[in-house]
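Good morning, and thank you for making time for this presentation. Please take a moment to look at the sequence and the structure on the screen.

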Amino acid sequence: MQKIATTYPEHSRAIWKLGIPLILSNMAQFAIHMTDTLMLGWYDVTALAAATIATSLFFVVFIVGAGFAQAITPLVAAANEQNDEVQVRRVTRMGLWLSIFYGLLVMLPFFWSEQILLAIGQDPIVASEAHRYLLIVIWGMVPTLLVMALKSFLVALEHTAFILWATVGTAVLNGLINYALIFGNWGAPELGVEGAAIASVLVNVLTVALLVGYILRKLPQYELFRNFHRPDAPIMRRVFLLGWPIGLTSLAEGGLFSASAVMMGWIGPISLAAHGIAIQLASLTFMVHIGFSQAATVRAGRALGRRDEQGLRRGGITAIGMSALYAAATSAIFLLIPGTLVSLFIDPAEPERLRLLEVGITLVMIAGLFQLVDGLQVVVLGLLRGVQDTTVPMIMATFSYWVIGLPTSYLLAFYWGFGGVGIWAGLVLGLLVAAVLLMWRFWAGSVRITPA
């Protein structure tokens with residue numbers, strides 16, 4: 001049994017110890033997507049725009065199924081705190097089952113992705129390129145979901161070092177495969193967006209194999225894959241009921257950003273490409289907040305398992321404070337050197353370089369302004385998931401993003417004529433409302449735990 005943190009310094013050290021490998025592994029995982037964006041941006045602006053809209057669609061579908069994987073973390077953390085290895089195995093196994101079922105089910109619509117993109121007003125050339133990308137990358141849907149489920153199991157048990165090194169290794173491999181297949185280097189064919197898709201699928205399949213090997217070798221006591229074929233209806237129901245609100249909450253936020261990409265596409269390819277650059281930068285810094293959120297989920301789950309309200313309160317304050325300090329630092333960077341950041345994504349010889357820089361700089365500066373609220377709402381979501389409170393937060397988040405944020409983006413962009421700036425201003429407002437409501441939910445009720 002690990003030492004129980006009681007003071008704020010102890011909570012801070014515990015979150016850092018758990019959070020640093022998670023943050024670094026999240027950033028390494030994001031480097032896979034960042035590499036795609038960087039290389040495709042250097043390859044062709046149309047390819048960058050196509051990958052931006054294609055990955056937005058893929059992410060919207062993926063993130064719903066990822067809720068079942070994320071439900072594993074609080075349930076396993078609480079069960080492990082009670083030394084219940086059987087419950088740990090049952091929860092994880094059914095989380096893997098649900099991930100596989102969902103992944104297979106959602107592959108079919110992607111075969112008509114070009115028609116879908118044309119129907120929502122995307123440029124025909126961009127839609128065609130995005131369709132070619134998606135026809136390949138959908139074969140990585142199930143492996144990607146399995147990666148998240150296995151990582152959630154390891155995170156709950158605080159086995160995060162291997163996740164870090166495995167992710168770093170696969171990120172490097174992804175970069176090498178991208179360099180070969182996008183540009184046609186080292187004797188490989190020049191495949192453009194299709195090369196980036198092939199690299200993503202291969203990397204996720206390899207990651208599944210690495211995680212399974214580690215679990216079998218280092219955690220044999222859980223017998224995770226014993227009788228894997230056997231259904232477990234009560235536990236599947238429990239994982240499903242906890243996981244679907246997590247997935248829909250993530251869909252509400254991810255869908256908000258995907259919808260913003262669609263609206264940017266209505267403005268034009270330059271605005272969409274600049275939006276893709278700004279989103280990549282904001283998402284990179286967001287990986288740190290996700291790490292804090294994951295650590296908060298584990299710490300809250302452990303506190304729930306031992307019925308420790310004081311520990312939950314102090315851990316929550318610590319996680320929120322650490323995320324806020326980081327947000328202040330990244331906001332300053334985005335506001336001070338936006339041009340330097342945007343130029344990293346654009347080929348110096350690109351004919352549209354100046355227009356991309358002009359639009360991209362403005363969007364990156366706005367992205368700097370919502371760092372605080374974006375980080376705050378995701379950390380509080382992590383705390384709420386840790387205490388297995390997911391349904392009401394889902395409603396609050398969906399209201400904030402889609403009733404407040406998205407309509408504001410549309411009105412500001414197209415009715416009042418602010419264009420891309422208006423779209424991003426609406427995103428800021430939606431995230432702010434979500435942060436306020438979720439903070440109220442946690443501190444007004446969910447933080448209360450009946451003593452054992």
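I shall speak about helix packing, the nonpolar cores and three buried positions.

Please keep in mind throughout that this is a predicted model.

I begin with helix α11, which spans residues 309-336. How do α11 and α16 lie relative to each other? Helix α16 covers residues 419-446, and its axis comes within 12 Å of that of α11, the two crossing at roughly 165 degrees. An angle over 145 degrees counts as roughly antiparallel, so α11 is roughly antiparallel to α16. The crossing of α11 past α16 is left-handed. On the α11 side, the contact is formed by Leu312, Arg313, Gly316, Ile317 and Ile320, and on the α16 side by Met439, Phe442, Trp443 and Ser446. Sorted by class, the residues in this contact of α11 with α16 are six nonpolar, two polar and one charged.

Helix α11 also packs against helix α13, residues 353-369. Here the axes are 8 Å apart and the angle is about 160 degrees. These two helices, α11 and α13, are therefore roughly antiparallel to each other as well. Again the crossing is left-handed, with α11 passing α13. The residues involved are Ser331, Phe334 and Leu335 from α11, together with Val364, Met365, Ala367, Gly368 and Leu369 from α13. The contact of α11 with α13 contains six nonpolar and two polar residues, and no charged ones.

I turn now to the interior. In soluble globular proteins, nonpolar side chains tend to be buried together. In this model, the largest nonpolar core has 139 residues. Which of its residues touch the most other members? They are Phe153 and Trp424. Helix α2, residues 45-81, supplies the largest share of this core, with 21 residues. If we set aside neighbours within four places in sequence, Phe153 is in contact with Ile72, Val76, Val88, Thr92, Ile215, Leu219, Tyr222 and Leu224. There is also a second, separate core of five residues, including Ile177, Leu181, Ala188 and Ala199.

Finally, I would like to point out three individual positions.

The first is Ser25, in helix α1, which runs over residues 8-43. Is Ser25 buried or exposed? Its relative accessible area is 3%, and since buried means under 20%, Ser25 is buried. Beyond its neighbours within four places in sequence, Ser25 makes contact with Ile163, Leu164 and Thr167.

The second is Ala54, which belongs to helix α2. Ala54 has 0% relative accessibility and so counts as buried. Not counting neighbours within four places in sequence, its contacts are Ala130, Tyr133 and Leu134. Along the chain, Ala54 and Val126 are 72 residues apart, while their C-alpha atoms are separated by 9.3 Å.

The third is Gly254, located in helix α9, residues 233-267. With a relative accessible area of 6%, Gly254 is buried too. Which residues does Gly254 touch, if those up to four places away in sequence are not counted? They are Phe59 and Val60. The C-alpha atoms of Gly254 and Phe286 are separated by 13 Å, and the two residues are 32 apart along the chain.

To close, I return to α11: this helix is roughly antiparallel to α16, and α11 and α13 are likewise roughly antiparallel to each other. Thank you for your attention.

How values were computed:
Residues numbered from 1 in each chain as written. Predicted model: local features only at pLDDT ≥ 70, side-chain atom pairs only at ≥ 80, totals over all residues. Heavy atoms only, no water. Axes fitted to C-alpha atoms, helices over the stretch in contact; angles between N-to-C directions. Helix = DSSP H or I, 4+ residues; strand = E, 2+ residues; numbered from the N terminus. Parallel < 35°, antiparallel > 145°, perpendicular 65-115°, else oblique. Left-handed = near helix turned anticlockwise from the far one by under 90°. Contact = heavy atoms within 4.5 Å. Nonpolar A, V, L, I, M, F, W, Y, C, P; charged D, E, K, R; others polar. Core = buried A, V, L, I, M, F, W, Y, C linked by side-chain atoms within 4.5 Å. Buried < 20%, exposed > 50% of the residue type's maximum accessible area, 1.4 Å probe, protein only.
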